[in-house]
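Reader: I am in my first year and still learning how to read a structure, and I would like a close look at a single part of this one. Please take me through it slowly, and then show me how that part sits within the rest.

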Amino acid sequence: MPHNDIEHILNAINAVIVGKNKPVKLALSCLLAGGHLLIEDLPGVGKTTLAHTLAKTLGLSFQRIQFTSDMLPADILGVAIFNRDTQEFSLHKGPIFTQLILADEVNRATPRTQSALLEAMEEHQITIENQTYDLPEPFFIIATQNPSNQIGTFPLPESQLDRFLMRIELGYPNAQAERDLLLGQDRRQLVHDLTAVINSDQLNVLQDAVSKVHVSSALIDYIQKILAYTRDSGQFVYGLSPRAGIALLRAAQAWALIAQHQQVLPEDVQAVLPNVIAHRLPLRAQNATSDFITDLINAIAIP
Amino acid sequence: MAGLSLGALPHFIYQPIWVAIIFIAMIFWRIMAIRHFWPLPTKQISSFKLIHLAIAGIAFVLLFISYGNLIGRDAGVALLTVMLSLKVVEIRNHRDYYISCFLGYFLVVTNFFYSQNIPTALLMFIVVIIMTASLISLNDSKKSLSNKGLIKLASSMLLQAIPLMLLLFVLFPRIAGPLWGLPQDAHSGKSGIDDSMTLGKISQLILSDEIAFRVRFKDQIPAQSQLYWRGPVLWQTDGITWTELNKRHVMSHRPDFTTSGNEYAYTITLEPHNKRWLFALDFPSEPPLTPASHYTYDGQLRSIKPINQRQQIRLRSYSQFSLNPKQDDVINNALQLPDKLHPRTRQLAQTWQQQSSQPTELINKALAYFNQNDFYYTLTPPVLTGDTIDRFLFESRRGFCEHYAASFTVLMRAAGVPARIVTGYLGGEINPVDGFLVVRQRDAHAWVEVWLEDQGWIRIDPTSAVSPQRIDQGISTIMPEGFNTPLLMASSRQLIDLWHTIRTNWDALDNAWNQWILAYGPELQKEVLQKLGMTKPDWQTMALWLAMGFVLVSLLISFYLFYHRPRYDPVSQLYSTFCKKAARAGCVRPKQQGPLDFARALKQGYPHLSQQIDHITELYINLHFGKQTVSMSDLRFAIKQFKFTPSN
């Protein structure tokens, strides 16, 4: 039963990541929708722990790549090495051949290295020396980045931002959660002790269930209104792309599944909207201060 | 404020300089207040308040000095302009802004008291757009529109108003004659044919490029040499000046005439000249219906009232005519000559008379005299002093139409043939763009009529004996090359042509404006409405049509709105009745709130109704967003049953 599975997953994660219900749900819905996740926050608020916990509970193989400014694409993808016995080149696989990758501090790497992730994220395959290699399925990237005003960062280009289904922030825990953190067990030990709640087959079933959540034409109308507003209102440098529209729908479906709705509701769209579109919409300078997502939601009547 | 300034700008031309000074000073004060925080007059008594009041007082005094009172167009508009500028400094709150804006609209209207030509209309249209934009900006409390956006919105609003404007323009009952007899357009004192002629006077006209009138011929246009536009007839002379014969009999009696030959029907659009006479192609068969007018005995058409606004005149003329063929008392006036003047001219005429007593032969002799001696047609003749006729005929021999007409008349009278001078215009230029014949002041002309027994008054143009070109091809051939062209352009042929094209096109546009917009008075309205099928265009019918037009326009708008109305499916409609019920109970659903969130909000206010609210929400979600597995009647029933009862 998908709902039971989801509940178990959430319980397992929330046991480790305390007091972060909404970000955890968003992260899970992002992975269930088959999208990549970008976590943007200060160091030490639990980005890595969240990624690791997700991998463990979903029963995925996990690799962490710490991005640095001197990193090369080969460090991620791997290299082709000549094998004397077979007289052929064989691939020495890099860390990318993993189901769930934590690309830590992705904006510390140079654009060249960042772009090595592009093909992998979109096509679920990589190319080395004209040879194409499929990546394991399911394949997720959870990238973390420091706020871009920190020293020594290369901000991700828009094309790459667009490939992340969601961008979430964790933020500081509230007082109670912080107390639990301080008094409770070591997080690393907790993660280490976690056992998989589902296997990859069950994950496939869940992902299927996401795409099967009913979408009515009224809801499509609503999403189209949102897209049209971002394009026509003049508040943004440019509007949302069709890919962003699809991403919004998938994310809303996943959210609906987690919220145990039989169908996608406008509330589901509104719940994921800030995290799906905020990193895709370049604001005009004069609107930069306003809470534009709330304005956008308030401006659009539900059909 | 830009709108106000633009709107007031044309007024500066018509008003004393101090109005402009005060206006500019006040605007400057305001701008400095905005930019550099200059102090403005306050509500309480303060020095700035006193300055403001002082300026107002000075303005009043100046107004009284300039106009004597505050009644009347000029004084009223000046008062409005000054007061508006004082108000600009005094703007404190929203209401003041509104007042200034609406007064600005009024200022726009007052501009049309003075001028109603195309540039004014365009300028005022721009002003109205700016005013409307400021009104929008006043109501745009969030400042969500940029200046460009404001102008765009204002323009589109005004464009949407155009159908209504057209409807009102065509159908609103017209009052005969504009209010207050405006706009005079300051036409008084403009050059034009006079009721007297002194040698050398028409020459000033000939240098004037102003349009005297425009003519639209119904069918064919007569040859250039036949385009004699008949104006005042001059009889009496004191040797220098020629004047009309101002006798009651002449002024009020219809002449005895018959017409024959080609018939020409045409409409003249006469520019105002503040005189009574009309111009008509020689010779009109009957006086026009409008303006009310009559014939004089010497064949002029005279309006009852002076022509001080542009006037359309329908006329019908014939190429041949015989005028007053019978001998009468008046003819003696055509033999009058000042005593003891023109001795040499009289001598010459008398020698001719001795050779032949036939008037036709005398005429031919005089024409031949002009033709065979070294007379020249020139627009810049030497200034004549003393006995002008004698000196012209025997010494200078350089002149234009009026010299020839005057000396010919003197010759004829001296020889005993009755003669008189007719002034008017000759020729005109056809504008190729709209086909109107444009007659300008420079086409002014003078010719002679002599009376022959049994034939009546015959037109003789002595100028033709000297310069046939003037008659056949119009005045422009006589003009020096490049005349009427801005100096810089005169150098290039192509530029001259280009200038000519621009001029003819502008003339045509201006004419169309005059013909259809400004001339749209009661008569034209009547005609247009009759063409539209209104059988009896009185004001009741017009009001009816106007009402019908309004209904039609609003019907069209409502059809449009109906067609583009937001489509609600039945489920949404049911849900919206539920929402309305909730709204009546004081729980309004924001348009962006989803059904689940709304249900949650409702349940907070009405926890005892949770079950029903959940039920309705569930049904609605299933029907609207879900797979529609439940029936709509369930939802209808549930909503019908539902009541917001307060909990006990």
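Reader: Does A:Gln87 count as buried or exposed, and what is its relative accessibility?

Author: Before turning to that residue, please keep in mind that this is a predicted model, and that what follows is computed from it. At 58% relative accessibility, A:Gln87 counts as exposed, because the cut-off for that word is over 50%. The residue is placed in the loop that runs between strand E3 (78-83) and strand E4 (88-93) of chain A. Its backbone deserves attention as well, since phi of A:Gln87 is near 55°, which is a positive value in a residue other than glycine.

A useful partner for this residue is A:His124, where phi is likewise near 55°, again a positive value in a residue other than glycine. A:His124 also belongs to a loop, this one between helix H5 (111-123) and strand E6 (125-128) of chain A. Here, however, the relative accessible area is 18%, so A:His124 counts as buried, the limit for that class being under 20%. Another loop of chain A, between strand E7 (131-134) and strand E8 (140-145), holds A:Pro138, and the peptide bond that leads from A:Glu137 to A:Pro138 is cis, with omega near -15°.

It helps to set these loops against the chain as a whole. Chain A has 13 helices and nine strands, and buried residues make up 50% of its 303 residues. If one takes the contacts in chain A between residues at least 6 apart in sequence, 77% of them join residues that are at least 24 apart.

From the loops we can move to the interior. In soluble globular proteins, nonpolar side chains tend to be buried together. The largest nonpolar core in this model has 98 residues, and within it A:Leu32 and A:Leu50 touch the most other members. Helix H11 (residues 242-258) of chain A gives the most to this core, namely 11 residues. Once the neighbours within four places in sequence are left aside, A:Leu32 is in contact with A:Ile6, A:Leu203, A:Leu206, A:Gln207, A:Val210, A:Ala254, A:Leu257 and A:Ile258. Apart from this core lies another one, of 43 residues, and among its members are B:Ile268, B:Tyr295, B:Val439 and B:Trp447.

That second core brings us to chain B, and to the place where the two chains meet. In all, 18 residues of chain A are in contact with 14 residues of chain B, and the area buried between the two chains is about 1,300 Å², with carbon and sulfur atoms giving 58% of it. Of the area that chain A buries against chain B, A:His214, A:Glu267 and A:Ile302 supply 34%, more than any other three residues. Between chain A and chain B the count of salt bridges is zero, whereas nine residue pairs are in polar contact, with both residues at pLDDT 80 or more. On the side of chain A that touches chain B, helix H10 (217-232), helix H12 (266-277) and helix H13 (292-299) each supply at least two residues. Sorted by class, that side has 11 nonpolar, six polar and one charged residues.

Chain B can be described in the manner used for chain A. There are 23 helices and 18 strands in chain B, and 46% of its 648 residues count as buried. Residues 24 or more positions apart account for 70% of the contacts in chain B that have a separation of 6 or more.

Three residues of chain B will serve as examples. B:Thr267 is found in strand E6 (residues 257-270), and with a relative accessible area of 16% it is buried. Leaving aside neighbours within four places in sequence, B:Thr267 is in contact with B:Arg214, B:Val215, B:Arg216, B:Gln312, B:Ile313 and B:Arg314. B:Ala444 lies in strand E17 (residues 444-452), and it too is buried, with a relative accessible area of 0%. Although B:Ala444 and B:Cys401 are 43 residues apart in sequence, their C-alpha atoms are 9.1 Å apart in space. Finally, B:Phe283 has its place in the loop between strand E8 (280-281) and strand E9 (293-295) of chain B, where the peptide bond from B:Asp282 to B:Phe283 is cis, with omega near 10°.

Note on methods:
Residues numbered from 1 in each chain as written. Chains lettered and ligands numbered in written order. Heavy atoms only, no water. Core = buried A, V, L, I, M, F, W, Y, C linked by side-chain atoms within 4.5 Å. Buried < 20%, exposed > 50% of the residue type's maximum accessible area, 1.4 Å probe, protein only. Helix = DSSP H or I, 4+ residues; strand = E, 2+ residues; numbered from the N terminus. Contact = heavy atoms within 4.5 Å. Buried area = accessible area lost by both parts, 1.4 Å probe. Salt bridge = Lys/Arg side-chain N within 4 Å of Asp/Glu carboxyl O. Polar contact = N/O pair within 3.5 Å; in protein donor to acceptor, adjacent residues only side chain to side chain. Nonpolar A, V, L, I, M, F, W, Y, C, P; charged D, E, K, R; others polar.
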